[in-house]
Amino acid sequence: MPKKIPLLKLVVPLLTLLVFGMTGFSGNLFVAKAISTDSCQLVWSNSGSTQLDASKVTDSGLKTTLQGHYTLNCNPQYASCQLRQGSGHPSLDLTNIQTASPWLYAKLQDHYHLKCQGTVRNTVLQTQNEPSAGSCQLAWINGGDGNTDLKTDQITNQGLANTLKDYNLNCADQPTSCELVLGSGDTTLDLTNIQDQSPWIDTNLQGYNLNCNSTTDSTNNGPSNGSCVLVYGTSGNTQLDTSEIANQGLANTLQGQYTLNCNPPSNGSCVLVLGSGDTKLDLTNIQTASPWIYTNLQGYNLNCNNN
């Protein structure tokens with residue numbers, strides 16, 4: 001008489017294959033949807049741009065279904081992402097599988113996030129126009145237009161601090177470095193260029209501004225006779241007139257933000273002029289503090305009202 005095989009031993013493997021087969025088949029039917037910034041979507045097979053690591057998944061059925069059978073499409077792109085329990089950053093966007101694979105959706109929804117590495121920037125975070133005087137915008141370190149180092153020592157959100165390591169700043173006044181601080185600071189953090197690119201960063205940096213190192217270095221002995229040096233703010237002894245500057249960005253950076261220390265002080269103001277002028281513009285105190293201003297003012301001097 002043939003040996004009977006327990007029914008349960010047949011049913012369990014068949015059910016496992018059925019679930020895996022249905023999930024795999026439905027994966028081919030995933031609907032491609034726009035991926036919001038700082039998130040990733042599951043993609044069947046190896047068609048995604050980012051590798052998926054499911055080694056930390058404790059549910060063996062879910063782990064078997066995912067590992068080696070799914071990849072990710074992420075914004076921005078990463079080399080690889082590991083699936084981990086709990087909430088975090090970047091998020092796992094499941095909108096494209098909600099209908100195609102309800103089983104995967106139910107298993108993953110609100111239970112997992114991703115830890116990614118190896119950022120691949122395929123677009124450039126652009127500043128919207130130029131930052132206004134007294135403000136800075138975030139810029140990507142690789143391929144961005146930043147001119148100032150960003151310090152995040154006072155950021156208590158470790159995920160945010162780690163994310164910002166890929167950024168520096170584009171500052172109108174071009175200080176050497178600026179530190180993110182909660183509150184007013186001495187420089188405005190302008191987030192208008194990142195609102196659409198990274199809503200997560202925009203949300204988490206609300207209420208932050210910057211403390212920047214001074215954009216001018218004081219000279220020990222003051223300007224030499226017949227010359228003037230730039231001074232950030234209103235502490236100079238002479239007003240600066242930028243009406244003759246054709247470079248509007250340079251004019252906006254200087255006007256109202258800088259004054260002059262002149263020897264002797266002018267009775268009125270000094271006009272920046274391209275050429276010799278009647279007074280020398282001494283830029284030695286700003287050469288290191290603001291290379292951008294230093295470079296753009298080469299060839300300029302002053303006409304002062306010494307009446």
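Start your tour by selecting cysteine 304: at 11% relative accessibility it counts as buried, because the cut-off for buried is under 20%. Keep in mind as you click around that this is a predicted model.

**Stop 1: the partner of cysteine 304**

Now add cysteine 270 to the selection. A disulfide joins cysteine 270 to cysteine 304, with 2.0 Å from S to S. Turn the view until you can look along that S-S bond: the torsion there is about 110°, so this disulfide is right-handed. Color the two strands next. Cysteine 270 belongs to strand E16 (residues 269–274) and cysteine 304 to strand E18 (residues 300–304), so the link spans distant parts of the chain, 34 residues apart. And how buried is cysteine 270? Its relative accessibility is 0%, so it counts as buried too.

**Stop 2: cysteine 228 and cysteine 262**

How many disulfides are there in the whole structure? A search finds five. For another of them, pick cysteine 228 and cysteine 262, which are joined with an S to S distance of 2.1 Å. The link is right-handed, with 110° about the S-S bond. Show the strands around it: cysteine 228 is in strand E13 (residues 227–232) and cysteine 262 in strand E15 (residues 258–263), distant parts of the chain that lie 34 residues apart. Switch on a surface and look for the two cysteines. Cysteine 228 is buried, with a relative accessible area of 1%, and cysteine 262 counts as buried at 5%.

**Stop 3: cysteine 178 and cysteine 212**

Move on to cysteine 178 and cysteine 212, a disulfide with its sulfur atoms 2.0 Å apart. Which hand does this one have? The torsion about its S-S bond is about 105°, so it is right-handed. Cysteine 178 sits in strand E10 (residues 177–182) and cysteine 212 in strand E12 (residues 208–212), so the pair ties together parts 34 residues apart in sequence. Buried or exposed? Cysteine 178 is buried, and cysteine 212 is as well.

**Stop 4: a three-stranded sheet**

Leave the cysteines and go to cartoon view. Select strands E9, E7 and E11: they form an open sheet in that order, E9-E7-E11, with mixed pairing. E9 and strand E11 (188–190) are the edge strands, each pairing on one side only. Tilt the sheet to see its twist, which averages 40° from one strand to the next.

Zoom in on strand E7 (residues 135–140) and E11. These two run parallel and are joined by three bridges. To find a particular spot, click glutamine 137 and look across to E11, where its bridge partner is aspartate 190. As a reminder, strands of a sheet pair through backbone hydrogen bonds, either parallel or antiparallel.

**Stop 5: the second largest pocket**

Finish at the second largest pocket, which has a volume of about 200 Å³. Which residues should you select to find its centre? Of the 13 that line this pocket, Glu130, Pro131, Gly249, Thr253 and Trp292 are the closest to the centre. Strand E9 (167–171), already seen as an edge of the sheet, and helix H6 (248–254) are the elements that give two or more residues to the lining. H6 gives the most, with three residues. Color the lining by residue type and you should get five nonpolar, seven polar and one charged.

How values were computed
Residues are numbered from 1 along each chain as its sequence is written. This is a predicted model: local features need pLDDT of at least 70, side-chain atom pairs count only at pLDDT 80 or more; totals for chains, interfaces and linings use all residues. Side-chain values use heavy atoms; hydrogens and water are left out. A disulfide is a pair of cysteine sulfur atoms within 2.5 Å. Helices (H or I, at least four residues) and strands (E, at least two) are DSSP runs, numbered from the N terminus. Buried means under 20% relative accessible area, exposed over 50%, partly exposed in between (1.4 Å probe, protein chains only). On a 1 Å grid over the protein atoms alone, a cavity is a set of points where a 1.4 Å probe fits but cannot get out, and a pocket is an open set with protein on both sides within 12 Å along at least five of seven lines; lining residues have an atom within 4 Å of a point. Grid points are joined across faces, edges and corners, and a volume is the space filled by probe spheres set on the points. Ala, Val, Leu, Ile, Met, Phe, Trp, Tyr, Cys and Pro count as nonpolar, Asp, Glu, Lys and Arg as charged, and the others, Gly among them, as polar. Two strands pair if DSSP finds at least two bridges between them. Axes are lines fitted to C-alpha atoms, for helices over the stretch in contact, and angles run from 0 to 180 degrees between N-to-C directions.
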